[in-house]
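This briefing is meant to be read alongside the coordinates, topic by topic. Please keep the structure open while going through the points that follow.

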Amino acid sequence: MTKKNLIVVGNGMVGHHFLEQFVASDAATGYRILVFGEEKLLAYDRVHLSEYFAGSSHADLAMGTADWYRDKDIDLHLDEQVTGIDREHRVVATSQGEYPYDELVLATGSYPFVPPIDGHDREHCFVYRTLEDLDAIRASAEGGKTGVVVGGGLLGLEAANALKSLGLEAHVVEFAPRLMPVQLDADGGALLRQKIEDLGVSVHTEKATTAIVEGEAARLRMNFSDDTNLETDLIVFSAGIRPQDTLARASGLDVGERGGIVVNNQCTTSDPHIHAIGECALWNQRIFGLVAPGYTMARTLSGALNKDPDAAFTGADMSTKLKLLGVDVGSIGDAHGQTPGSRSIRFNDEQAGYYRRMVVSADGRKLLGAILVGDNSKYDTLLQYALNGIDLPEAPESLILPEGQGDAPTLGPDALPDTAAICSCHNVTKGDICGAIDAGCSDLASVKGETRASTGCGGCTALLKTVVDSELAKRGVEVSKDLCEHFPYTRQELFHLVKVNGIRTFGTLISQHGKGHGCDICKPAVASILASCWNEHILATDHVPLQDTNDTFMANMQKNGTYSIVPRVPGGEITPDKLMVLGQVAKEYDLYTKITGGQRIDLFGATLSELPEIWEKLIAAGFETGHAYGKALRTVKSCVGSTWCRYGVQDSVGMAIEIENRYKGLRAPHKVKMAVSGCARECAEAQSKDFGVIATDKGWNLYVCGNGGMRPRHADLFATDLTDEELIRTIDRVVMFYVRTADRLQRTSVWMENLEGGLEYLKQVVLEDSLGICAELDQHMADIVSTYQCEWKTAVENPDQRKRFREFVNAPAQKDPVQQWAEERGQRRPLADPA
């Protein structure tokens, strides 16, 4: 049988995806396939282009291999540009020859738009599109100090991050009044700007560049229409894209007024034998600038060429979930509320740095769109409500309010219908995932390989893992313990990699032992590991983007967006002078005070900008941070012991103080609590703690791995009648063995239960040194103890870190008018139902 010729012009992500779909279809057997690409390199992942600056190579980003093309019998022509189309004779022309076609697919993508500014083509002016572009930017950055990105959209902020990673002082110049004007509204854009500036990137909005000329202090100078200017050593244009429709236009195909090859629902152009997909295609007057719609077009065209009567492109989900310069940004559906009758629900917490907006239907029953800035933890749930038309709960605002306000209903994997779209890029539903597992996939990687889910933009990664884990568990399959898709290791294995290789940053760890950019799972876990190993300040530049909310502001955020302050009171012992200081501070700032079960005095209701001031006063009085916000040692509770109690047989207060001062600041997989009781009457309730010490007339008994909380567990007796020195050494080793070997967020009780051999094995390791590691554990603990710093003292003494604690950049002293208070039992508390 004589095969027909199918030619694909363009070897980008969408063109490659089309090939994957088509060669797997029945129709492929009837075609000889030829592919032409302008670049010398095989198709690569442009969505993750910035990873090239972090050490990824073309091979890491490549969508396929030369062997794949050979195996599929695809005639690949790289570095061979198609220069013309003869529609009458169905022939495409290149510099090397002419090639007949029966069906022609244009996947030519787009090109970066460069505003027609005088001087835009000067040396050291670039675009951000190909690996060659990135090579040129990197070369230009050598010897430079400053870089400017023109364009404050998605790719522009990615480019700014790239310049920052190259060691340049980065600026973003945006023509619109706010960053990401397509995805965000005014409030969301303002908050994003604040966060980006806090990270050291200067943002200039409402700036129109009129000319680029030679600079005086730098290579270039940008002149703006408002008669200001900015000098820089290089400029990257990222001001949007334009469809690459030159071939189509020259061959007489219908194109839009503002560009783009006009296609119908089957992605066919005005010529029935020529088709267009991706960013070069204009469907329903729309150009889609994301990869997911391009993939959908590719699948649609493959179906159409297979005579599938249902193959039709009917639009695409444009939702995006990103972390830009470490800042969460999410945009779902009709984010700007353009649907007639739609209404918005907003939660704007400028203190915590969150902005959330829901756009709901006129009857309030459906979610049409959403905007998230500062925290994407609500994204997956909101996306499922929007994509699947799930009825909103009775109080829809509960979906965006902080934890503890509104009782948001759970929308776990079981609540999703089989039709729920999990991955928009590859159109993978929950049903597809269940089908892949039923067909034999037994872990996340194999599900991704089978369905392609999460291999596009990656925004669905966390949700995909949740669904896969849930479905595997239902089938009795042991779930992989890989930390996440970015690290094929457990937390314990990552700890060893960090420690053995002396790795001190997340970037180094993921480039050497992981892949991708990281996620909300691995970043906090790695932050904890790095802290446990090296004890560097959590607000150090490399570590800030890894922290969760409480660690970021070194305080626990409360239900009304204010923060609590918990000074350390070692062993619960406090002088009258210090008590008075706490009272004076609480009175000055009108803080609610509460004595906790852990023998601490909590101060509630501080605003973000008040935190440094309050801590300055407390530090001056001799207090230190109590680490109530961290997965670290929280408290060491004690009774009064032999000093005052008639029954006490040891100085429980003295020992509690010694223990607390020794382990304060130590980061662990989960929070850790301890207690010391002066006799068997157990007034400090030591056996309900991770580490409990009870005095005997011969010394100390040590109990380990108990906890209170939702699943209380009595600690197990680990060693008896220990001297002071033996007690500390034993705790040192158990704590450090736990820190090194526990899983992420695994409490000591669960950790010990999961140890093969349980308590007896733990005794062998620690008391008998069965693994020969006790000396190493001792040394590691000694290193941690010797490098302790009060995180708040370091922060208040560092002007750059203090800048993080501002509600309003331009009015740092202004209070948030949204917070409203009531009085209860002589103190203020948050108003339950603010007006």
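Arg825 counts as exposed in this predicted model, because its relative accessibility is 71% and the cut-off for that class is over 50%. The residue sits in the loop between strand S37 (821–824) and strand S38 (827–830), and its phi is near 50°, a positive value in a residue other than glycine. As background, most residues other than glycine have a negative phi.

**Other positive phi values**

- Asp73 is a further non-glycine residue with a positive phi, in this case of about 60°, and it lies in the loop between helix H3 (66–71) and strand S3 (74–77).
- With a relative accessibility of 58%, Asp73 counts as exposed, since the class begins over 50%.
- A glycine with a positive phi is found after helix H9 (residues 379–388): this is Gly389, for which the angle is near 65°.

**Helices H9 and H15**

- The buried residues of H9 are Tyr379, Asp380, Leu382, Leu383, Gln384 and Tyr385, a list that includes the charged residue Asp380.
- In an α-helix there are 3.6 residues a turn, so residues three or four places apart point the same way.
- Ser528 belongs to helix H15 (residues 522–534), and it counts as buried because its relative accessibility of 14% falls under the 20% cut-off.
- A polar atom of the Ser528 side chain lies 3.3 Å from the backbone oxygen of Ala668.

**Strand S10 and its neighbours**

- Strand S10 (residues 146–150) is largely enclosed by the rest of the structure, because 5 of its 5 residues are buried.
- The side chains divide between two directions, with Thr146, Val148 and Val150 pointing one way from S10 and Gly147 and Val149 the other way, and all of these residues are buried.
- S10 runs parallel to strand S11 (residues 169–173), to which 5 bridges join it, and within this pairing the bridge partner of Val148 is His171.
- S10 also runs parallel to strand S16 (residues 234–237), here with 4 bridges, and the partner of Val150 in S16 is Phe237.
- Together with helix H5 (residues 154–165), the strands S10 and S11 make a right-handed β-α-β unit.

**Internal cavities**

- How many cavities of 30 Å³ or more does the structure hold? There are 3 of them, and the two described below are the largest and the second largest.
- Rolling a probe the size of a water molecule over the atoms shows where empty space is left.
- The largest cavity has a volume of about 100 Å³ and is lined by 14 residues, of which Asn535, Glu536, Gly665, Gln789 and Glu791 lie nearest its centre.
- By class, the lining of the largest cavity is made up of 4 nonpolar, 6 polar and 4 charged residues.
- The second largest cavity, with a volume of about 70 Å³, has a lining of 13 residues, and the closest to its centre are Met554, Ala555, Ser564, Val566 and Tyr629.
- Which classes make up the lining of the second largest cavity? Its residues divide into 8 nonpolar and 5 polar, with no charged residue in the lining.

Key. Residues numbered from 1 in each chain as written. Predicted model: local features only at pLDDT ≥ 70, side-chain atom pairs only at ≥ 80, totals over all residues. Heavy atoms only, no water. Buried < 20%, exposed > 50% of the residue type's maximum accessible area, 1.4 Å probe, protein only. Pairing = 2+ DSSP bridges. Right-handed = clockwise from strand over helix to strand, strands pointing away. 1 Å grid on protein atoms, 1.4 Å probe; cavity = no way out; pocket = protein on both sides within 12 Å on 5 of 7 lines; lining within 4 Å. Points joined across faces, edges and corners; volume = space filled by probe spheres on them. Polar contact = N/O pair within 3.5 Å; in protein donor to acceptor, adjacent residues only side chain to side chain.
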